[in-house]
Amino acid sequence: QVQLVESGGGLVQTGGSLRLSCAASTTLKAINDMGWYLQAPGKERELVAYIPFAGAPTYADSVTGRFTISRDNAKNSVFLQMNNVKPEDTAVYYCSADVVGHDFVVRRYWGQGTQVTVST
């Protein structure tokens with residue numbers, strides 16, 4: 001009922017830029033918040049940024065001023081512009097979408113993840 005497809009990961013040098021994209025397709029009622037999370041090896045998944053359907057985004061302290069999240073509601077898409085990347089940004093990045101079902105219950109769905117590796 002919900003599919004999230006991510007793209008844009010890869011290898012980038014320290015100080016470089018990368019843009020992640022995520023497109024959601026769904027037969028359910030609506031998409032509320034969309035976001036990006038990262039998971040480094042041996043660590044738990046953690047929030048990078050999220051953006052509501054209408055409103056201001058929220059960022060983790062570690063990426064504030066470097067990353068920008070945006071979305072295109074007409075295309076059910078969310079983006080993460082990553083600037084001035086650092087080696088500690090290396091992780092698998094997951095797109096998330098909070099989707100309203102036909103039962104009006106909101107559930108979180110995840111993409112398959114895309115690897116971002118920052119070289120020194």
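Is Arg-107 buried, exposed or partly exposed? The points below come to that residue in turn, after the other charged pairs.

1. This is a predicted model, and a search of the whole structure finds three salt bridges. They are taken one by one here, followed by the aromatic residues and the arginine that lies over two of their rings.

2. Arg-66 is paired with Asp-89 in a salt bridge whose closest N and O atoms are 2.8 Å apart. Arg-66 belongs to the loop between β6 (58-59) and β7 (67-72), while Asp-89 belongs to the loop between β8 (77-82) and β9 (91-100), so the contact ties together parts that are 23 residues apart in sequence. Both partners, Arg-66 and Asp-89, are buried.

3. Asp-98 and Arg-108 form another salt bridge, with 2.7 Å between the closest N and O atoms. Because Asp-98 lies in strand β9 and Arg-108 in strand β10 (residues 106-110), this pair ties together parts that are 10 residues apart in sequence. Asp-98 is buried, at a relative accessible area of 10%, whereas Arg-108, with 41% relative accessibility, counts as partly exposed.

4. The salt bridge between Asp-103 and Arg-107 has its closest N and O atoms 2.8 Å apart, and here the opening question can be answered: Arg-107 counts as partly exposed, at 36% relative accessibility. Its partner Asp-103 also counts as partly exposed, with a relative accessibility of 42%.

5. Turning to the rings, the structure holds one aromatic pair. Tyr-37 and Trp-110 make up this pair, which is edge-to-face, with 5.0 Å from centre to centre and 75° between the planes. Tyr-37 is in strand β4 (residues 30-39) and Trp-110 in strand β10, so that the pair links distant parts of the chain, 73 residues apart. Tyr-37 counts as buried, at 13% relative accessibility, while Trp-110 is partly exposed, having a relative accessible area of 36%.

6. Trp-110 has a further neighbour to consider, since Arg-45 lies over the face of Trp-110, at 4.5 Å from the ring centre. Arg-45 also lies over the face of Tyr-94, where the distance from the ring centre is 3.7 Å. When inspecting the model, a reader may therefore look at Trp-110 as a residue with an edge-to-face partner in Tyr-37 and with Arg-45 over its face.

Conventions. Residues numbered from 1 in each chain as written. Predicted model: local features only at pLDDT ≥ 70, side-chain atom pairs only at ≥ 80, totals over all residues. Heavy atoms only, no water. Salt bridge = Lys/Arg side-chain N within 4 Å of Asp/Glu carboxyl O. Helix = DSSP H or I, 4+ residues; strand = E, 2+ residues; numbered from the N terminus. Buried < 20%, exposed > 50% of the residue type's maximum accessible area, 1.4 Å probe, protein only. Phe/Tyr/Trp six-rings, centres within 6.5 Å; stacked < 30°, edge-to-face > 60°. Lys NZ or Arg CZ within 6 Å of the ring centre and 35° of its normal.
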